[in-house]
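Let's take a walk through this protein together, from a single pairing of strands out to the whole chain. Keep the 3D view open as you read.

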Amino acid sequence: MPHSLASRLDVVQPSVTLAMNARAAELRATGADVFAFGVGEPDFEPPALVLEAAKKALDGSVSKYTAVTGIPALKQAICARTTAVRGWTPKPSQVTVAIGAKHALFNLALALYEKGDEVIIPAPYWVSYPEQVKLVGAEPVVVQTDEASGFKMSPEAFAKAFTPRTKAVVLCTPSNPTGSAYTESELRALLDVWKKTDSWLIVDEIYADLVYDGFKPVSAASILAGDADAMERLVIIDGVSKTYAMTGWRIGWSIAPNRLAKALDMIQGQSTTNATAIAQHAAVAALTGPQETVETMRLAFEKRRTAMVEGLRSIPGVKCRMPEGAFYAFADCRALYGLEYNGKAIASDEDVAFFLLEKAHVAAVPGGAFGAPGYVRFSYATSEERIRDGIAAIKRAIDGAKRL
Ligand SMILES: Cc1ncc(COP(=O)(O)O)c(C=O)c1O
């Protein structure tokens, strides 16, 4: 049909969070004090030296295109930081700097997946993983995990998900939305399963610097570094958004074997070209400068995590696992089903989220969006005081609601 939109759009889910954000914005416009537990970004400012580096870069030569896959200084900084904190050493030629990790993942989807391919994704998953797979005509194969197993996929369930059509696997550790992270032995067991296949493995390590209670995150690449065949099929995703509170700067990257890195260079060369030059310079400063602010932020998140999880657990019937990392608490909110909202009984996580927004002015994200109906994701990227007040508002709203 002339003027029609591409049929690939038919398979993509509209975002529930957009509807929620719109309603939260409406409420704020009426003067309501909305608790922002829905956001996926740190409330901190980036380290001061990042902003100084950006200002300094402005006086230099940042108004021109850079190399498509990033300025050499940034690629070197990424390799050095990867060595220091992830325990393995990639080459600059493997790095593709993209416009955020989300863009890096989308480039990978374009480079790797096509019609007929399956991509294994454990649930709960970050919303964009399956949607990107669908956008390029491939099929997500979701492996359900549950709270009892810490939202972690077992090697047995993982092995069962492979078919001759499996093209890739996407793992995220620590995870958005659950905050769960694989221990070294758990990850090794999954990698042993994967190594026996001929698929690609994409590991999103964007939250690996935000871990708590002494948890030691281990990079899949450091485990696989001595295995040449595995390293030819492994991609690591990382970025500055979460670690340095730089979400708006849009700098993320993939570290891939050279054959794939060349393909990503070509895809990016025909689509976006380089990530914004000034943001690349700011990212160099973040990665090479003193790292104290990262630790300050991590410690603050650790305290907030306790406040949020304990607060949620203090709501009768609500269950919430203590997460190892990221900045999300993922709570089983099915105990709220049956409360009256808009003349009807709450019957889904979406109803719970809209009830919390309307009656407690708490914005949070319903778990269905992450493949986990019944759950709600509460971000604790906000102050302890706001967390406590938000929990109190939730309790008041529940106390004021009839059970149908
Ligand atoms: C698991 C995960 N990966 C990637 C991203 C995207 O990060 P970026 O801001 O670098 O695009 C996010 C952001 O929410 C995320 O939660």
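Two strands are said to pair if DSSP finds at least two bridges between them. With that in hand, turn to strand β8, and bear in mind that you are looking at a predicted model. In β8, glycine 252 is the bridge partner of alanine 98. That match belongs to a longer pairing, in which strand β2 (residues 95–98) and β8 are antiparallel and share four bridges.

Strand β8 has another partner too. Strand β7 (residues 234–239) runs antiparallel to β8, and four bridges join them. Here glycine 252 of β8 has glycine 239 opposite. In a regular strand, side chains alternate between the two faces of the sheet. You can follow this along β8 (residues 252–255): Gly252 and Ser254 point one way, Trp253 and Ile255 point the other way, and all of them are buried.

Glycine 252 also brings us to the ligand. Which residues come closest to the ligand? Gly100, Ala101, Asn176, Ser241 and Gly252 do, out of 13 residues that surround the ligand. Sorted by class, this shell has seven polar, four nonpolar and two charged residues.

Now let's move to another part of the chain, strand β10, where alanine 331 is found. Is alanine 331 buried or exposed? Alanine 331 counts as buried because 28 C-beta neighbours lie inside 10 Å, and the cut-off for buried is 20 or more. Leaving aside residues up to four places away in sequence, alanine 331 touches Leu312, Val318, Lys319, Cys320, Tyr375, Val376 and Phe378. One of these contacts, cysteine 320, stands opposite alanine 331 in β10. The strands concerned, β9 and β10, pair in the antiparallel sense over two bridges.

Step back a little and you will see an open sheet of four strands with antiparallel pairing, in the order β9-β10-β15-β14. At its edges are β9 (319–320) and β14 (365–366); each has a single partner strand, so one side of each is left without a neighbour in the sheet. For a sense of distance, the C-alpha atom of alanine 331 is 22 Å from that of lysine 242, and the two residues are 89 apart along the chain.

Next, the domains. The assignment gives domain 1 (7–45 + 293–399) and domain 2 (48–288). Taken over C-alpha atoms, their centres are separated by 26 Å. Domain 1 puts 31 residues into the contact, and domain 2 puts in 31 residues. On the domain 1 side, α12 (292–313) and β10 (328–332) each supply at least two residues. The most comes from α12, with six residues. By class, the domain 1 side has 16 nonpolar, 10 charged and five polar residues.

Finally, the chain as a whole. The protein chain contains 14 helices and 15 strands. Its C-alpha trace spans about 60 × 55 × 55 Å along the principal axes. A compact globule of 404 residues would have a radius of gyration near 22 Å, and the 21 Å of the protein chain agrees with this. Of the 404 residues, 47% are buried. Among contacts with a separation of 6 or more, 73% come from residues 24 or more positions apart. The pairing of glycine 252 with alanine 98 across β8 and β2, where we began, shows how parts of the chain well separated in sequence numbering are matched as bridge partners.

Terms used:
Residues are numbered from 1 along each chain as its sequence is written. This is a predicted model: local features need pLDDT of at least 70, side-chain atom pairs count only at pLDDT 80 or more; totals for chains, interfaces and linings use all residues. A residue is near a molecule or strand if its C-beta atom, placed from the backbone, lies within 6 Å of it. Ala, Val, Leu, Ile, Met, Phe, Trp, Tyr, Cys and Pro count as nonpolar, Asp, Glu, Lys and Arg as charged, and the others, Gly among them, as polar. The radius of gyration is taken over C-alpha atoms; the globule rule is 2.2 Å times the number of residues to the power 0.38. A residue is buried if 20 or more other C-beta atoms lie within 10 Å of its own, exposed if 12 or fewer, and partly exposed in between; C-beta atoms are placed from the backbone. Two residues are in contact if their C-beta atoms, placed from the backbone, lie within 7 Å. Domain bounds come from an automatic or database domain assignment.
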